[in-house]
2 protein chains.
Amino acid sequence: MSRYDSIKVGDKASFTKTITETDITLYGAVSGDFNPVHFNSVYAEKTMFKNRIAHGMLTAGLISAILGMQLPGPGTIYLSQSLSFRSPVFIGDTITAQVEVLEKEDEKKQIKLSTVCKNQNDKKVIVGEAIVMLKD
Amino acid sequence: MSRYDSIKVGDKASFTKTITETDITLYGAVSGDFNPVHFNSVYAEKTMFKNRIAHGMLTAGLISAILGMQLPGPGTIYLSQSLSFRSPVFIGDTITAQVEVLEKEDEKKQIKLSTVCKNQNDKKVIVGEAIVMLKD
């Protein structure tokens with residue numbers, strides 16, 4: 001049985017990581033996004049969130065980690081992702097990303113999954129859906 | 001005039017960056033995504049792309065960089081992003097991310113933008129839309 005065939009609708013996986021200041025610094029370097037809401041605590045104090053927040057796309061990377069490492073796992077090719085950023089993520093927050101297989105399209109070897117990230121208080125910080133392809 | 005009010009439908013901005021192997025390594029560290037399609041050239045040779053590819057969400061970070069740094073710029077709060085990964089990005093590819101204001105929703109101070117990333121051959125590698133909020 002191929003790895004694609006072994007994946008069933010309803011299969012789930014999760015990945016948990018605490019977001020550190022170093023993550024934010026490295027993400028800024030990689031992306032070029034130095035928005036002061038992420039980097040400048042004096043600036044951030046005057047915003048609606050009162051503190052520096054993590055880049056939304058940094059947190060979203062935990063979804064990419066599950067898809068690439070667990071479900072479907074190594075070899076996964078990312079086709080699409082929708083992301084709704086519902087709540088801010090602060091330095092020190094522990095984020096759990098969860099994915100669940102919603103649909104499979106066998107001819108194309110494509111898999112649609114729900115993708116959710118929650119913080120340590122079980123509050124949803126990101127919700128969305130992914131479509132991936134697994135050739136083997 | 002507020003910064004929000006100064007932004008007009010049709011406004012555009014872009015950001016260009018060459019994706020390096022270091023970017024991929026740092027993005028793996030930040031996200032936890034060590035999918036071998038990104039990290040293992042022996043593995044990657046056997047895939048449809050024949051070479052290591054950058055994480056889709058790494059390339060998508062260039063969109064975040066424009067939104068946070070240029071248009072709308074500092075203070076921008078990311079509300080949502082859709083991403084369709086159309087073509088692979090390889091180490092050494094030079095990616096230009098481009099955004100254009102599509103709509104404004106004045107009561108909510110929200111702005112919808114088209115978001116596109118192209119490689120050095122003008123091939124679209126990511127297409128999608130973003131919604132952001134700018135309070136000031």
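**Notebook: two paired helices and one shared sheet**

I started with the helix pair α5(A) and α5(B), which are roughly antiparallel to each other; angles under 35 degrees count as roughly parallel, over 145 as roughly antiparallel, 65 to 115 as roughly perpendicular and the rest as oblique. In chain A and in chain B alike, α5 covers residues 56-69. The two axes come within 10 Å and cross at roughly 165° (axes are lines fitted to C-alpha atoms, for helices over the stretch in contact, and angles run from 0 to 180 degrees between N-to-C directions).

I then listed who touches whom there. From α5(A) come Met57(A), Ala60(A), Gly61(A) and Ser64(A), and they face Met57(B), Ala60(B), Gly61(B) and Ser64(B) of α5(B); contact means heavy atoms within 4.5 Å. I sorted these contact residues into four nonpolar, four polar and no charged (Ala, Val, Leu, Ile, Met, Phe, Trp, Tyr, Cys and Pro are nonpolar, Asp, Glu, Lys and Arg charged, the others, Gly among them, polar).

**How far to trust it**

This is a predicted model, where local features need pLDDT of at least 70, side-chain atom pairs count only at pLDDT 80 or more, and totals for chains, interfaces and linings use all residues, while side-chain values use heavy atoms and leave out hydrogens and water. Residues are numbered from 1 along each chain as its sequence is written, with chains lettered from A and ligands numbered from 1 in the order in which they are written.

I found a mean pLDDT of 95 for chain A, with 100% of its residues at 70 or more (pLDDT is the predictor's confidence in each residue, from 0 to 100). For the complex, the predictor gives an ipTM of 0.92 and a pTM of 0.94.

**Chain A in outline**

I counted five helices and five strands in chain A; helices (H or I, at least four residues) and strands (E, at least two) are DSSP runs, numbered from the N terminus. Reading from the N terminus, I noted the order α-β-α-α-α-α-β-β-β-β. The C-alpha trace of chain A spans about 55 × 30 × 20 Å along its principal axes.

**A second helix pair**

Next I looked up α2, residues 21-31 in chain A and in chain B. The axes of α2(A) and α2(B) come within 9 Å and cross at roughly 150°. That makes this pair roughly antiparallel too. Here Asp23(A), Leu26(A), Tyr27(A), Ala29(A) and Val30(A) meet Asp23(B), Leu26(B), Tyr27(B), Ala29(B) and Val30(B). I sorted the residues of this contact into eight nonpolar, no polar and two charged.

**The sheet**

Which strands stand at the edges of the sheet? I first wrote down the order of its ten strands: β1(A)-β3(A)-β4(A)-β5(A)-β2(A)-β2(B)-β5(B)-β4(B)-β3(B)-β1(B), an open sheet with antiparallel pairing (two strands pair if DSSP finds at least two bridges between them). The edges are β1 of chain A and β1 of chain B, each with a single partner strand, so one side of each is left without a neighbour in the sheet. The twist averages 20° from one strand to the next. I also saw α2(B) packed on the sheet, touching β1 of both chain A and chain B, with its direction at about 100° to that of β1(A).

**Walking along chain B's strands**

I followed β1(B), residues 12-18, to β3(B), residues 94-105, and found seven antiparallel bridges. Thr16(B) has Thr96(B) as its bridge partner in β3(B). β3(B) goes on to β4(B), residues 110-118, through nine bridges, again antiparallel. Val99(B) is bridged to Thr115(B) in β4(B). These two strands form a hairpin with four residues between them, and Lys109(B) in the turn has a positive phi of about 55°.

My last stop was β2(B), residues 77-85, which six bridges join to β5(B), residues 124-133, running antiparallel. There I noted Ser80(B) with Ile131(B) as its bridge partner in β5(B).
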